Amino acid sequence: MKSIYKIMGMAALLFGATACGDDFLDVKSPTQQSAEEYFSTKDHVAEAVVAAYDPLQWTDWGIGEYAPYILMSDIMADDFWVGGSDANDNQNWHLMSNYQATPLKVITSIWVEAFSGIKRCNDVLGYIAAGIDDATQADIDSWTAQVKVLRAFYSNWLWKFYGNVPYFTVNLTDPYIAEQISADELYGYMISDIEDALKLGVLPFREADTEAGRVTTAMAYMLYAEIVMYQRDNARYATALKYMKEIIDSPEYDLMANYGDIFKESGEWCKESIWEINYISENAVRDWGAPLTAGGTVLPTLISPNNWPSGQDGHNTGWGFCPLRLETYERYSADDTRRDATCWDVRPFEGTYNKRYQDFGFFLEKYAAQADGNAGQKASGELNYNNNWRIYRYSETLLNAAELLVATGGSIGEAKGYLTQVRNRAGLRTQLEPTLDNIIEERHLEFVGEGKRYWDLIRTDKASSVLVPDEYGYRTNTWSPNKKHLPIPQSEIDRAQGTLTQNPY
């Protein structure tokens, strides 16, 4: 079951001005509450908490740009081409893929969406600080924990994509400029937020089906491990490992028997799913004129073959972006069940659809446009597919634990057991030693299209040797450490009035 977070209609408009201390000049609406009044009650602050989740859904199409964050890193790795009609179609993506992004030609919406999420989290904390008339301490602790973890999650987008960014924990006032901090400082803020949330001890380990999508303890543990491992913060590896083992020991989570079932609608919030971003097609009204309306996702349309005959091979048409590389398909052994669940082989259908740029005959099956995937939508079918994005899965818990055991000198036998569980589920019976190289390669096969690969290559110092020019002439540049962060969008540099230092690019 899935739930979808929607911003409830808020009737609050902010009124009020004072001049020279004369009460008769105060302007106050006789019929509407001020924002301060509106957000002083339990129900209305609960609305604000829901609103803090909303930007999670925006990155696929919002702020005038397609930038689904789970694929914006993958196009800079080695599993996908960018595709489209040619190298000028979504040109910013093509430049990012070749490590040629510039401040004027780079994705911008993730920056805006992340800061929108941070601002909304800060709103909730501000309302709590101001006092809420009818809230219990349990309410306050739950809201605080949720938005602190969410704030760390949004900050993680900024941290990985842009590095050294402005940051604020109290919302800004005119001229709305915050101090730019280093990536290391931002890491510290994220860790503090997650630790503060966990200390409250109020997040459920797994949410009820009716609340699926809210932050949980297990989700916070996974976010903690992700950023600690990316930072290579050895001092916190033991804690991250402890958190992974708590998830492993919990009866709440386990591997699905069939890998392909994870990405079906019936697999949403299955026993393997630790956290997803919810999308829904039933009665969805997301439209071209209202892209931030809650509903479905455009991701399946983006990444499916162009002019695909409706229903052929059980799929709908798309726009032909992010075709899989032939090398990705060939990386899997024939007996690896993840291959066909990940790689949609359209070569038998060549000639029945419009083969576009960089199409070698493979697309991502995990999020492909299924024939009934936008059933029940009420607006633009292209935008309203019913595919939740899988963000954290139990298989990642196992592979995190294996890697952390190796890094901390823990039990090699235990690490091998975790690695073997993941491989056995994929139908592979050959046992591998839990070396870093083997674990990273297993992550590669397990998480194609889930936004993990690029960051794994960077944090393990493999990027400069793996992300190199290809034989086709599509990628002509080699990744280098000064490409770790994207250029800060020029629009943000201009808006900051000289207070932002640009990343090297």
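This is a tour of the structure above, stop by stop, with what to select and what is there.

The model is predicted, so local features need pLDDT of at least 70 and side-chain atom pairs count only at pLDDT 80 or more, while totals for chains, interfaces and linings use all residues. Numbering starts from 1 along each chain as its sequence is written, and side-chain values use heavy atoms, with hydrogens and water left out.

**Stop one: a buried strand**

Select residues 389–393, which form strand β6. Helices (H or I, at least four residues) and strands (E, at least two) are DSSP runs, numbered from the N terminus. Five of the five residues of β6 are buried, so this strand is largely enclosed by the rest of the structure. Buried here means under 20% relative accessible area, with exposed over 50% and partly exposed in between (1.4 Å probe, protein chains only).

Now add residues 273–277, strand β3. β3 and β6 run antiparallel and share four bridges; two strands pair if DSSP finds at least two bridges between them. For one facing couple, show Glu 276 and Arg 390 of β6.

**Stop two: the largest cavity**

Empty space comes next. Rolling a probe the size of a water molecule over the atoms shows where such space is left. The grid has 1 Å spacing over the protein atoms alone: a cavity is a set of points where a 1.4 Å probe fits but cannot get out, a pocket is an open set with protein on both sides within 12 Å along at least five of seven lines, and lining residues have an atom within 4 Å of a point. Grid points are joined across faces, edges and corners, and a volume is the space filled by probe spheres set on the points.

There are seven cavities of 30 Å³ or more, and the largest has a volume of about 290 Å³. Select Lys 160, Glu 226, Gly 451, Lys 452 and Trp 455, the closest to its centre among 23 lining residues. Two or more lining residues come from each of α3, α6, α8 (217–231), β6, α13 (394–408) and α16 (453–459). The top contributor is α6, with five residues. By class, the lining of the largest cavity has ten nonpolar, four polar and nine charged residues. In this scheme Ala, Val, Leu, Ile, Met, Phe, Trp, Tyr, Cys and Pro count as nonpolar, Asp, Glu, Lys and Arg as charged, and the others, Gly among them, as polar.

**Stop three: the second largest pocket**

This pocket holds about 520 Å³ of space. Of its 18 lining residues, pick Phe 115, Phe 168, Leu 172, Tyr 176 and Glu 492, the closest to the centre. The elements giving two or more residues are α5 (109–130) and α18 (490–495), and α5 supplies the largest share, six residues. The lining of the second largest pocket splits into eleven nonpolar, three polar and four charged residues.

**Stop four: rings**

The whole structure has 42 aromatic pairs. Rings of Phe, Tyr and Trp (its six-membered ring) pair if their centres lie within 6.5 Å; planes under 30 degrees apart count as stacked, over 60 as edge-to-face and the rest as tilted.

Which kind of pair do Tyr 69 and Trp 157 make? Their centres are 4.9 Å apart and their planes are at 40 degrees, so the pair is tilted. Tyr 69 belongs to helix α3 (residues 69–72) and Trp 157 to helix α6 (residues 137–161), so the pair ties together parts 88 residues apart in sequence. Tyr 69 and Trp 157 are both buried.

For a ring cluster, select Trp 111, Phe 115, Trp 159, Phe 161, Tyr 162, Phe 168, Tyr 187, Tyr 230, Tyr 454 and Trp 455, which are linked by ring pairs.

Then try Arg 325, whose charged end sits over the ring of Trp 81, 3.9 Å from its centre. The criterion is NZ of Lys or CZ of Arg within 6 Å of the ring centre and within 35 degrees of the ring normal. Arg 347 also lies over a ring face, that of Tyr 329, at 5.4 Å from the ring centre.

**Stop five: loops and backbone**

In the loop between β4 (343–345) and β5 (362–364), find Pro 348. Pro 348 is exposed, at 64% relative accessible area. Measure C-alpha to C-alpha from Pro 348 to Gly 361: they are 13 residues apart in sequence and 8.6 Å apart in space. Gln 358 lies in the loop between β4 and β5 too; Gln 358 has a positive phi of about 65 degrees although it is not a glycine, and at 7% relative accessibility it counts as buried.

Finish at the cis peptide bond joining Asp 174 and Pro 175, with omega about 15 degrees. Pro 175 is in the loop between β1 (165–166) and β2 (180–181).
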